[in-house]
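Please take a moment with the sequence and the three-dimensional view below before reading on. The paragraphs that follow walk through a few regions one at a time, beginning with a turn between two strands.

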Amino acid sequence: MEEEKWVPLQCHSVFCNSSLCTPHSKSRSRNLLAYDGTSHLYVWDFSKRCVHCLTLRFENQEPAGILAASTFKTLQPDVEMGHGLHSMEINRTGESLLIFGDGGLFVLDLFDRTSTKDHVYICRSALIGSQIYFGDTNFLRVLQVSWHPYSESHIGVLSSDTVFRLFDLSSDLERPEQEYYLQPLEPARCHSATSLCPVAFSFGGEHLWDRFTVFLVFADGSTYAICPIAPFGSVYNRASIEEIYKDAHTLGLKSANSRAVNNSSLAITWLEATFPDLNDQNAGKGTLSTLKAHPYASFDVSLSLQGPFHKICNEHNDDSANGRVPECEGRAVSFLCRSISKDTVNAISWSSGQIQIDALADEVQPVWNLGSSPRLCVDNGGIIEAVAMICDSSPEKPNNAKLYPSQRTLNTSMADSVWIGDPPPLLRLAVVDLALPSNILNDSPLTLVADPLIPERFYCLHRGGVDSIMLHFLPFSDQTIEKNRIGEAPSVHPVLTTYQSETLQPFPLSGFVAIADSFGNTWTVALTSSFECLVMEMTGLSAYFQVEREKGSPNLTVENDEVLPELVSRELLMGPKDVPIPQLPPSLRSLTPDSIEGRSTLHEYFKILHEKYVEYAHKVYVELNHHAARLKKITDDQVVRLHEVQQNLLHAEEDEPNIRDRIGRAFEFNLQLVERLQVLRSLPGIQQKPLTKAEREFKSELETFASHEIDALHSAIEALSVRLRRHVPLSPGSVTSSPRQTLPGRRKIPVPDIQISQLKSSVAKLSLINSENTKKVKLVETTLRKQETRTDLKR
């Protein structure tokens, strides 16, 4: 078996066909790359309408890069998907690929392969929601589709009819499992028509109730939330569920507010019905660390559409003096929600090229509307199969109050507002303006992609390339940050540029994916419209690519800022403050330390040295003491690993003699096999020449003679022998020993001597012919045996 060949990903044969060109839609962004999180990259091929699966390997040694196996798999859907594809997304287990385009919403089962043809695997695929979204009489648009982070078979779909649906692909592809009809505001109270148009959604992170929350953004930038939503059969961490269950008992049921008691009691009922094993103490003591969500919905309440979230400013905002929160221009186009330590950060991209970054100033908690019954579909056993409900929103008056980061932990009045059902406010962190030209903004919307390794970093995709945005300030996670860092604006770095000036028309990207390897590095892979692959290592804050349209080859200019390890803060590794120390003038060198001017000069120099070195040394001392426990843990882990390695080395040394003996026996056996092979090669049959044409003809004649004429000769000899016995007269002894009676009326006719002599001569001739034929038969058999021996040796 040949050894697998590994080539750089950007030089793979899949991307070497320069004639391929991907079409682009101006109304939507396109991303036709997907990574399963382990080692497989999926690429959509427009020319063949199939998916290529590449196996990746990461190299940490110089030169570092991403290598791909030269052999790859081609997965062909068994259903026609058309040309206008927009995005691909793979589920968390890497088994199903979600493909969305103008022709429909498809799921491709990567391991359910019906047949194989010319090294192409035909995979089973199916259309999702064809009667709802893609029927002949339907004019709905699918705005966004995404896999649920806690289920490998559930997808969320947001459509233009203001309905959010959850589909369980393992049970039914046509009927949604859960439907939520969004009613953000009453039409008479809307500021504009865009307040009723949803744009995007995002599933919450891993922070408390965020895992059961769906955040939604409308075209005017208003943010809403629906909580709780759990796909039937999804799996969650038991400790996280127990934490929010205990919180509902502690802060909700014991509250003096009746609304808080009602909301917390509904939440406790929902948790106990959705997770029946939550109160099972025996299961909690065992190895079961996860809980499975069971179908449940109350008969007399529906979920509330919490929002719109009102915006507040912090102490260090430029516009905090007048209580005004800066607003963005245009309309919202995409949305990204991330949980970063204690913060839940929302990022919204606008059609004007701006990115609005907010943080939730409070926790999201479940809220229901009483008296609004959902519509349920149950089976014969009473188990819920599908649920649909109307989610109304009760508008609250905006409160543009100031909020400081310390209030979340120090303000005692905050406990009184828990579980009362008010939507959490948004704390404005920053508004990033990418300053993109108008020709880029008019062609395709901005798309936000999260970094898989650094939660504070995300990427913004647009027609002109890719930009990275790094957050340096989180209001509730950075409690010990210095005052001069509070409210620090995020940094923006260009990662990839596909245009040179405003006069030239830029060309868009057809795919982008961020990959985290096992060495702690982040790689970004981009696919251009000409089907070229660009690989960038994000070793620092950015790695810059500029693609020239004329040549089509990327020019790499890397701008690396050192990635500072998390063990020691950035300020310590940057060194002391850059405080200039003035040179001592010649007139002051003659001063004595006891004089007034000398003391003043020494005091100034001591002050400068203290600010530059002593304060830095104190920070180093404090931080090293702070990290002493962590360093001890790391050291203990290294000692344990070293002990394990030493034990493995001892075992290897003990096994070394046995391994050497096995290797020696293997060599001896190999020598014996070589000797036997040489003996077989020296056999005479190996050295014989092939038969000539005349010999082959003679052989065919002998085979014909052996198969047909020998049998005829044997039958003729037997017939002559019978005739001979009939005509030869009996001897006198035979007559006396076995007398025969003659029939009456029949007399014996004497045979002449001439005929007897003729018969004897005929028998003699037949015996000669028989002996000759016997010799010929033996010759034929000898030749056939030689031929069979020669054939066996050749084999």
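In this predicted model, the hairpin of β9 and β10 has 2 residues between its strands, and D118 takes a positive phi near 55 degrees there. The two strands of this hairpin, β9 and β10, the latter covering residues 120–127, pair in the antiparallel sense over 7 bridges. To place one of these pairings in the view, start from L108, whose bridge partner in β10 is S125.

Strand β9, which spans residues 104–117, is also joined to strand β8, residues 96–101, by 6 bridges, and these two strands run antiparallel. Here again the strands form a hairpin, with 2 residues between β8 and β9, and S96 finds its bridge partner in β9 at D109. Strands of a sheet pair through backbone hydrogen bonds, either parallel or antiparallel.

A side chain from this part of the chain brings a charge over a ring, since R113 lies over the face of Y121, at 4.6 Å from the ring centre. A second arrangement of this kind involves R57, which lies over the face of W6, at 4.6 Å from the ring centre.

Further along the chain there is an open sheet of 4 strands, which follow the order β15-β16-β17-β21 with antiparallel pairing. Which strands form its edges? They are β15 and β21, the latter at residues 305–306, and each of them pairs on one side only. Between β15 and β16 the pairing is antiparallel and runs over 5 bridges, and within it A200 has V217 of β16 as its bridge partner.

The loop between β15 and β16 leads on to the aromatic residues, for it carries F212. The model contains 16 aromatic pairs. In one of them, the rings of F212 and Y236 have their centres 4.7 Å apart and their planes at 45 degrees, so the pair is tilted. This pair links distant parts of the chain, because Y236 belongs to strand β18, residues 235–237, and stands 24 residues apart from F212 in its loop. Are these two residues, F212 and Y236, buried or exposed? Both F212 and Y236 are buried.

F212 also has a partner in F275: the two ring centres are 6.1 Å apart and the planes are at 55 degrees, so this pair, too, is tilted. It again links distant parts of the chain, with F212 in the loop between β15 and β16 and F275 in the loop between α3 (258–274) and α4 (281–285), 63 residues apart. The relative accessible area of F212 is 1%, so F212 is buried, and F275, at 1% relative accessibility, therefore counts as buried as well. F212, Y236 and F275 belong to one aromatic cluster, which also takes in Y150, W209, W270 and W419.

With these regions in mind, the chain can be viewed as a whole. It holds 13 helices and 38 strands, and of its 795 residues 40% count as buried. Among the contacts in the chain with a separation of 6 or more, residues 24 or more positions apart account for 62%. The chain exposes about 45,500 Å², of which carbon and sulfur atoms supply 54%.

Technical notes. Residues are numbered from 1 along each chain as its sequence is written. This is a predicted model: local features need pLDDT of at least 70, side-chain atom pairs count only at pLDDT 80 or more; totals for chains, interfaces and linings use all residues. Side-chain values use heavy atoms; hydrogens and water are left out. Buried means under 20% relative accessible area, exposed over 50%, partly exposed in between (1.4 Å probe, protein chains only). Contact means heavy atoms within 4.5 Å. Accessible areas come from the Shrake-Rupley method with a 1.4 Å probe; for residues, only the protein chains shown count as cover. Rings of Phe, Tyr and Trp (its six-membered ring) pair if their centres lie within 6.5 Å; planes under 30 degrees apart count as stacked, over 60 as edge-to-face and the rest as tilted. A charge sits over a ring if NZ of Lys or CZ of Arg is within 6 Å of the ring centre and within 35 degrees of the ring normal. Two strands pair if DSSP finds at least two bridges between them.
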